[in-house]
Structure formats: C-alpha cells, structure tokens
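Hi everyone, thanks for coming. I'll keep this short, so have a look at the screen with me.

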Amino acid sequence: MASDVKKAGAPAEDERVKEMSRFRKAMIRPELGAIAGAVLVFMFFLAIARDTGMFSPEGVMTWSTVSAQFIIIAVGACLLMIAGEFDLSVGSMIGFAGIVIAITSVTWGWPVWLSIFTAFALAMAIGALNGYLVIKTGLPSFIVTLAFLYILRGLTIFGAITATRKTIIGGVREAAEGDWLAPFFGGTIFTGLFQWLADIGLLETFSRGTRIGQPIVDGIPMLIVWAVGLIVFGHILLTRTKFGNWIYASGGDAQAARYAGVPVNRVKILMFMFTAFCATVFATSQVMEFGSAAADRGILKEFEAIISVVIGGALLTGGYGSVIGAALGALIFGVVQQGLFFAGVESSLFRVFLGIILLLAVILNTYIRRMITGER
Amino acid sequence: MISLFRKVSPIVLGALAALGIFSAVAAPAMAEGERFVLISHAPDSDSWWNTIKNAIKIAGDQMNVTVEYRNPPGGDLADMGRIVQQAAASNPDGIIVTIADFDVLSGPVRDAVDRGIPVITINSGTPEQSEKLGALMHIGQPEYAAGFGAGKKAKAAGVTSFLCVNHYITNPASVERCQGYADALGVELGSQMIDSQQDPSEIKNRVIAYLRANPDTNGILTLGPTSAHPTLAALDESGRAGDIHFGTFDLSSEIAKAIKADVIAFAIDQQPYLQGYLPVVILTNLVRYGVLPSGNINSGPGFVVKNNIALVEKYAGEFR
C-alpha cells in the first residue's frame, strides 16, 4: 500500500547520523581549551589576589595593556600558523620597525606620519620577501624566518649605531607633537568618558602627587583598541570569508588545496605580510607611547606569540585553530604575568608558571581537537 | 736582453730584501699599530656598551693602535669564554676583558696571561678576582659598593621600603647592586627585587603592579636605562613622580631630564668611557715603554645629580 511504501522509504531516524546534543555542539570548539584556561586563571587570581588591587581599574589596565600587546602579535601568528607556516622574525621586526620610525623622524626630521608609513611599507615588504623565499625555495619557514631574525636584528643595531651612534633613540614624543597619525597608535581614547565617571564618583581620582584630582584611569590606550580590532578582523576573515577557508586549506594540505584551485602561494605571502603588519603595529604603539626606540626591543616576542597561539588551540602543523583562542591565550599570558606581581610571588617564577600552563594547555587542546575532528 | 735580466734580477731582489731587513731592524723603538682586543659579556643589543666602543675608537686613534671589540652576540658567558680563548690564540699585544663570571673565564684568561699577553680587567668583577687571574689591574666600579653607596644616599633621604627593578637578573652583578642597596638600608632583600625582563611595556606595568600591591614603598632603584625609562613612565602614570625617592644606575638623556625635574635623585655613573679609554692608553704605554701604574682604578661610582649634569646631557649615550 501507499502508506507502507512511505514508511519503508522514509525512516523517521537515520541510524547513520550521530546524535549530538546542542550543548555539546556549542562547547566543543577549538577555543574551548583557551576558554577553560582563561576561566581557571581568573578564578585562581580572584582567589589569591582579590584585594591587592589587581581588579581595581588601575590593576585591570595593567594586565589589559600587557595582554593587548600579546594579542596583536598573536593574531598575526595565528593566521600564519593556520596557513601552515611560522614566522620567527616577528621580534626582530618589532625592533627594526621601531628604529626605522625613530631614525627617520628624529634624526632625519621626516614628519612622523611619513615615518610610520615607511615602517609599515618596509616591514610588509620584508614579510612578502619572507613568504616569497619560503615558496620559491621550498625550505621550511622556520629556517627562512630564523635567518631573518638574525638579519633584521643585526641591521637594527647597525643602523642605529651608524645613524645616531646610540642604540636607544629618544625624542620621538617631541617629534610627534601635532602629528595626525601618531595618536592613532600611542594615544588614549574615551578620556571624556573616564573623566565623567570620575566626576560622578564612580571612578577614583588621585588624592596626592602630580596628578591630583585626575581620574586614576584616564582612558583606554589605543593598543587595546588595536587588539580588539585585530581580533574582530581576524575572526571574521577566518570563519566567515572564502579567504578564511583558503587559509585553512593551505595549512591543512597545501598540495591538495592547490589541486582544488586555492591560490596557496598568494595566501601564504599575504599571511606573512599580515604578521609583519601586526609586528609593526606593536612597534609603533610602543615607540609612540614611550617616545623612544631601542635596538633590543622585541627580543623573544615571536616565541611568546607562538605560545599564545598554541595555548589557544592551534595545531603547530597548520590547518586548525582559532583567532579567539589565540586572543584568549594571549590574555592568559598577560594576566599570569601581571597577576604574579600582584600576588607577591617571586617574580622569576613567572617563567615556570608559563611553561606549566603551556604544557597543560597543549594536552587539553589535543584532547579537544580529537573530539572535534573525530580522529583517534 | 733576457739573459742579462736573469743575471741582474737575483741581485736586485737580494738588495731589496736586505734593505727590508735593515729597515725593520733599524726602526725606532716606538712601534705603531699594536693590536688589542676588548672582550665584553654584553649581548649585541645592550646599548650601554656603545660608550665603551666609542671610547676605544678614540683611544685607538689617539694612540695609533687598533682595538677590536668582541662579544658573545646573545650574551652567553660560555661563548664569551671561547671568544677569550680565540683572542688569546691570535696573539694580540694586550687583552682587555670583563670578569662576567670568574669560574667560566678563569681558565681562558689565565691561559692568556701565561702566554705572556698583558691583561687588564674592566667593568664586572672585583679587584681580588682580577689579581687571582693574573691581570695587571682592574678598572671598574665595584657593583656591591655602588649599590651600597646608593643605599646610603637613599637612607639619608628617609627611604625605609624599596623596589629594585632588575632587568638583567641572569647576570650576578645585577643582584649585587640590589643587595648592596638593601644592606645599606638595613632591609632584607626578598621580593623587592623584581625580575622585570626587558620589554618596556611589561616593565612599566610590573612597576605599577608592585607599587599598587606595596603602597608603603618609598624608594626605587633601577639598574639602567632599560628599567629606568619605563619606571619613569609608570611613576608618571600613577602620579607619584617626584614623590618616591628614585635612584638609578647609568645615564641617558631621559634620565638627565628627570634629574633636572627632580624626579630622579641621582644617577650612578660608572663612567664607562674611562673603562674603555684608560686600558688602551695604559696597555699601549706598557708595550712601548714598559711603564704601568700600580694599583687599580675605580672608574666609578660617580654620582650625577642636578648640579653636575650639563656635560652628561650633551653626551648621554655616546660618551657618558
């Protein structure tokens, strides 16, 4: 009969489809390890450092700024790592970009906005060169960027000494007065809001010293704005655009991606340029904020970026990861660093903590990744 | 023609050779172009050594000698030991070296001394260690004593609880500075010495965090421009600039500005220029005429305060 045929041909349940609760679907995502880690870290510090000022507005500013620094380079490193490559020259790029800005604006007298553009252009050109070399030679990006780590650091020190006979170049703050681009990197925004909060009594003001009467926190540093902006940009790029799919594909299996029509070479070169862009944002913000550039800035930052990305759940070999996870990894980094100070722990133990957190995070992330991808 | 040439050329060559030998023998006792090697422990990126590099260049030009500067690029002291060995093997006329780590360097330096190469030690290390190594003299600033001197000044200004911002804690000399400061104040050195690393933003935020968690801190000691500049920014941001007694090691134009603004009470100047200049002059005169000053030379501590700062400002980072 018609009804029997219908029953036989259209089963109510397909036993091939696995049932997964909506909660589980929402929870099991690449960022889960980083989310759990962040929650744990905050709970830990709430328990031991609640009344030391860590969660006062001033305290929050300290670890937010440090985390924002790490987030900026972690986003770049994350996208590149998902595309299947490493960039070890990020730290040297930070020092290099800073010295370029300082020399061109202070020693040569260029307007600061031009110096900033020059630094960005140079850095992205070097990033593109990194990518081009990796693709042309087929060498691991680890090696190519390691070479540039040394080349750039050497050029930075040599350039600073040749142009100015010093390795710390100050005077950028004076050079940047009146410049239109400098406040986008070194300034603070929402100062009006914080002043208003202080006026209505919700925010403390200084009761003594040189800043008496001013609100304790006078604004949100542009560094944090850049960090948030880059997270949003990176996340949308990665998860909502075709280009994001191409990034995953290039990292997952470059040859198969090529066969599928993905322009893998272009993707990788663009990701190297993006990492260089992030490093320059970091360097410019630091130079504008401190008014000086030094030849030893940025040392070891590339490893800290990679650590943040790995804590965030990305796979070292590429093809899997998340920008939100990397941002949370960077946040954990910053909170642990600063929190240990507030908690009065011996400061050198910070490195021990970091190593332990890294290990635990990788183990947890591996377990989560196996659950997501179903591998055994 | 050719046969004549063949007969004459050995004679000509022989004459030229004899002339050469004679000129070498008859040369005046004052030789020129001696070669000295200065080996430091500093990584390439350490800007403080710039002054010493400038100083040895000036001394070299003035004395008509070549002075080479060598260092382990990453600051690794084991590498430094190997560099000392290589330098000694190249047979220079003299070696200038820092005693960054007595145990690591004692072998290589003693070998150089045993080969007959005159050695002067500078900067890190104590005069006793220098003597044990067989060096001729030590030109430097005793770290513990410098810290102690700073602590005495701080105590006189009423400091009872302090923060020591250490940005190169892996070097034992840095710990000695903080220890000297603590001992002069009569306080036990514990968590007041913070491992701040070198990133300026991290240093600044750590100082803010420490001051927030220890509000009764009334004295700060920083060990160089790397830790001093972010600490200045931190004090600015917390509104405590000029409120807390602030002493620092070394100089820079920003530190000079802060001294004039009464934010920094004093800067301890090791006078690195002298640590580069004097050994070259002393070694040159020793090699040429055999004269040597007796005893050690303390290049510092010189305390730079508001009323002796003018020259410092002019040459900060270059010769001061």
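I'll go through the contact between the chains, then the domains of chain B, then one residue.

A bit of housekeeping: this is a predicted model, where local features need pLDDT of at least 70, side-chain atom pairs count only at pLDDT 80 or more, and totals for chains, interfaces and linings use all residues. Residues are numbered from 1 along each chain as its sequence is written, and chains are lettered from A and ligands numbered from 1 in the order in which they are written.

Okay, the interface. We've got 35 residues of chain A in contact with 35 residues of chain B, contact being C-beta atoms, placed from the backbone, within 7 Å. On the chain A side, the elements that each give at least two residues are helices H4, H7, H14 and H16, plus strands E1 and E4. Those are DSSP runs numbered from the N terminus: helices are H or I with at least four residues, strands are E with at least two. H4(A) supplies the largest share, six residues.

Now chain B. Domain 1 covers 35-141 + 271-300 and domain 2 covers 143-269; the bounds come from an automatic or database domain assignment. Their centres, taken over C-alpha atoms, sit 29 Å apart. Five residues of domain 1 of chain B touch seven of domain 2 of chain B.

Last one: is Leu349(A), in helix H17 of chain A, buried or exposed? Exposed, because Leu349(A) has 11 C-beta neighbours inside 10 Å, and the cut-offs are 12 or fewer for exposed, 20 or more for buried, partly exposed in between, with C-beta atoms placed from the backbone.

Terms used: Contact = placed C-beta atoms within 7 Å.
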